[in-house]
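Reader: I am new to this structure and would like to know what stands behind the words used for it. Could you show it to me and take my questions one by one?

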Amino acid sequence: MMIKLWFILLLLLLPLFGKAQETSKGSISDSLKEQKTQTTIISEVVIQAAPRNVKLNDGNVVMAVSGNKDFKTSTNLLEVLRRTPGVTIDQEDAIFIGGRVAPAIFINGKPVVMSNQELQAYLRSLSPEMVESIEVNTNPSSKYDAEFKGIIDIKLKKNSNLGWKGSYNGNLYAYKFNSRENTLNLTYNTEKIAYSLQVGYNDGISVYRYNALQRLANTNVMRTKTYQEDQIKVYNIQAGADFRLNDKNRLGLNFRGNFRDLDRMRSASLYTTDQSETQLVFNTENENPMLYSQNNYGITTDYSFQNKGFKINFLGNYLSVKNKQQDDFINRDKPSSELLSYWKSDLVNKIDIYTGQIDASQKIGGADVEAGFKYSQSITNNNIRYDTLSVNNQFLFDSERSNIFSYKEKIFAGYLAYRQKFDKLQINAGIRFENTNSISNAVTVDSIVSRNYQEWLPSFSANYTFNKSNEFSLSYSRKITRPVFSQLNPFRYYFSPLNYSIGNPYLQPSFTSQIKATYRYKNWITSFTIGKEKDVMARYPIYNPKTNVLEFLGSNLPYRNFAALETSFPVKITKWWNTTSQIAGYYNYEFRPYLDQVFALDIYNYEIRLNQVFTLPKGYTVNLFANYESRTGNSLYIIKPRYSVDLSLQKSWLDNKLNTKIGYNNIFDSYDLNLEFRYKQIMDNRFRHRWDNSRFFFSMSYSFGGSKYQAKETQRTEEESRTR
């Protein structure tokens, strides 16, 4: 363990060593002269400004992707985001910004309406060469949905050539088990129509392990071990057409489908002793085979009209998600193999989402005035049936576990925004109104909860550009977070026969107000965010010493205060050695009532990431990426420190048409998630979650087709102009 920690420390100090060597050699000009004659000696390094791959747009970090050396060895867009300043990807590929916010994902300025699984598959299908830039917005204005606490806007590269063009991207991952990702992209452009087609197939095996200890004072001690193996197959297809009707009108259509099959085998053991840990109480093992499928269908239509200073845009989305899941829960006494309990479950879950929005803007003098309306409706129906094996060896309907639950939500929203530039100062202000109407119906327990509420949500930002090297921005926004279906549904989601979570249909939405300041000096970007969230949605554990059941229930906390300080800076040490350092510090204060007490702690944590790129002779690129997360948590649980180190190599062939990458992610297998309950006098509760994300990978992409004849650009929006 000490060797690994020293290795991480060495990785973080290498650029500083280079800088110390540079200052010891005298002036920069002297070092430059010496470097011309001795370019291979490490002591002759020179600290220089790195190429301009990052900029600010209204206070948001915009990162170039295609052609950026920091991302040349990344296999897909998820790996690019993992190295992007201000963005965190956890062990299950969930995306966060600012250390706490799950952002909305936009493609070319438009929100993506996909399920989480479909979105992750789509991001894996995008290679870095297909992406122009990424914009990270950690404080969106009132123009955007109030639920969007953060936005990652992905600008794809446009193919303006006439004719057809294609690319194949393939990734192979290997550790104890293998997995594969395959994507084929085709485009065909005419003067009036641009067609696109993407097909993909992913398959493989993933492994998850879970260990837990739970005990109350003066009660039994329980230890749980779980091993889970998933065999996954994913098919996806996406087809679209962009019609250039004339110089002022455009129409886009997109159809997509995503189909996922999963065969899971989960086995677990529960070893229980008395409080002295000398007497065995029981020792059980359980099996939980599962078959799961998800079918997604989506349609998107996009129409825009632009004439001089007036623009109008319509965006419509429909998403259909159908989940099916069948489980067996078999519980036995381990020493004797005696069957203790056996129940089956059959789940059908259907989600339909409809959205439509209209945005219009008009230039009035030196100002831009924008207004828009949006309507969205989501309908979710969940039916899960449990049958339990009786003493007569017959499966009987289990009314206690079975559940029928539906949730309907309608949101009407409108906004008004103003934007104007006064020399070096740019002002943005807006106000948004949202009305939410929701009905949750727990049919099984005959409980209906109806809500109808409206909120005014203002925003403001100011950006001042001192010169090309210096700019400063300040922004404020108020946001809302509504509880999602899984948080509301009062049915049990089992981790093991005695460990599960339950939703709460009475959860209230939370509201967040925050202020963010950002300063850029050349390539060095620093931001500070401070805010407060009221009615925070959170889960808490309840342990029943009589039944040995550990439940995780949902509730609203009164409030929490938070702050974040983040900085990133690229440094070019030599012509062949570039580094990007990211340092972030976080503060969190939760006011949490729990078990007739109030728990409130000031929690500080930090993250350090270092991305080092080495450009070697003959076109080889080596990337060494290190990430360290300090101890963190909340008012009830401690999350222990963890780190990861990735090493990869990239090389292009055949006039850059063939791109190959090879590497090893999480070399030391050191990115487990370990949690521990803070208050041992109440409960000793410890968890360890482990995923198989330590693995070797090989990636290959090949581009083909294309024409040198370019189509005339009939329309270009202001947003598109800023990306060029």
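Author: What follows is a set of questions about terms, each answered with a definition and a value. This is a predicted model, in which local features need pLDDT of at least 70 and side-chain atom pairs count only at pLDDT 80 or more, while totals for chains, interfaces and linings use all residues. Residues are numbered from 1 along each chain as its sequence is written, and side-chain values use heavy atoms, with hydrogens and water left out.

Reader: Thanks! What makes E20 and E21 a pair of strands?

Author: Strands (E, at least two residues) and helices (H or I, at least four) are DSSP runs, numbered from the N terminus. Two strands pair if DSSP finds at least two bridges between them. E20 (residues 403-422) and E21 (residues 425-442) have 18 bridges in the antiparallel sense, so they meet the definition. One of the bridges sets Tyr415 against Arg432 in E21. Two residues lie between the strands of this hairpin, where Asp423 takes a positive phi near 60°.

Reader: Which strand is joined to E21 by a further 18 bridges?

Author: That is E22 (residues 447-467), and the two run antiparallel. Here Leu425 has Tyr464 in E22 as its bridge partner. This hairpin has four residues between the strands, with Asp446 at a positive phi near 55°.

Reader: Why is Thr529 called buried?

Author: Buried means under 20% relative accessible area, exposed over 50%, and partly exposed in between (1.4 Å probe, protein chains only). Thr529 has a relative accessible area of 10%, so it counts as buried. Thr529 is found in strand E27 (residues 524-544). Leaving aside neighbours within four places in sequence, Thr529 is in contact (heavy atoms within 4.5 Å) with Gln514, Ile515, Lys516, Phe562, Ala563 and Ala564.

Reader: And what makes Phe466 partly exposed?

Author: Its relative accessibility is 40%, so Phe466 falls between the two cut-offs. Phe466 lies in strand E22.

Reader: How do you know that Lys149 and Glu533 form a salt bridge?

Author: A salt bridge is a side-chain nitrogen of Lys or Arg within 4 Å of a carboxyl oxygen of Asp or Glu. For Lys149 and Glu533 the N to O distance is 3.3 Å, so the pair qualifies. By this rule the count comes to 40 salt bridges.

Reader: What does the pair of Lys149 and Glu533 tie together?

Author: Lys149 lies in the loop between strand E8 (131-137) and strand E9 (151-156), and Glu533 in strand E27, so the salt bridge ties together parts that are 384 residues apart in sequence. Lys149 is buried at 13% relative accessibility, and Glu533 is buried at 6%.

Reader: Why is Lys350 called partly exposed, and what is its partner Asp352, buried or exposed?

Author: Lys350 has a relative accessible area of 24%, so it is partly exposed. Asp352 has 14%, so it is buried. Their side chains meet in a salt bridge of 2.9 Å, N to O.

Reader: What makes a set of residues a nonpolar core?

Author: A nonpolar core is a set of buried Ala, Val, Leu, Ile, Met, Phe, Trp, Tyr and Cys residues joined through side-chain atoms within 4.5 Å. The largest one has 29 residues, of which Ile95, Leu123, Ile134 and Ile152 touch the most other members. Helix H3 (residues 77-82) gives the largest share of this core, four residues. Apart from it lies another core, of 21 residues, among them Phe552, Tyr594, Leu636 and Leu675.
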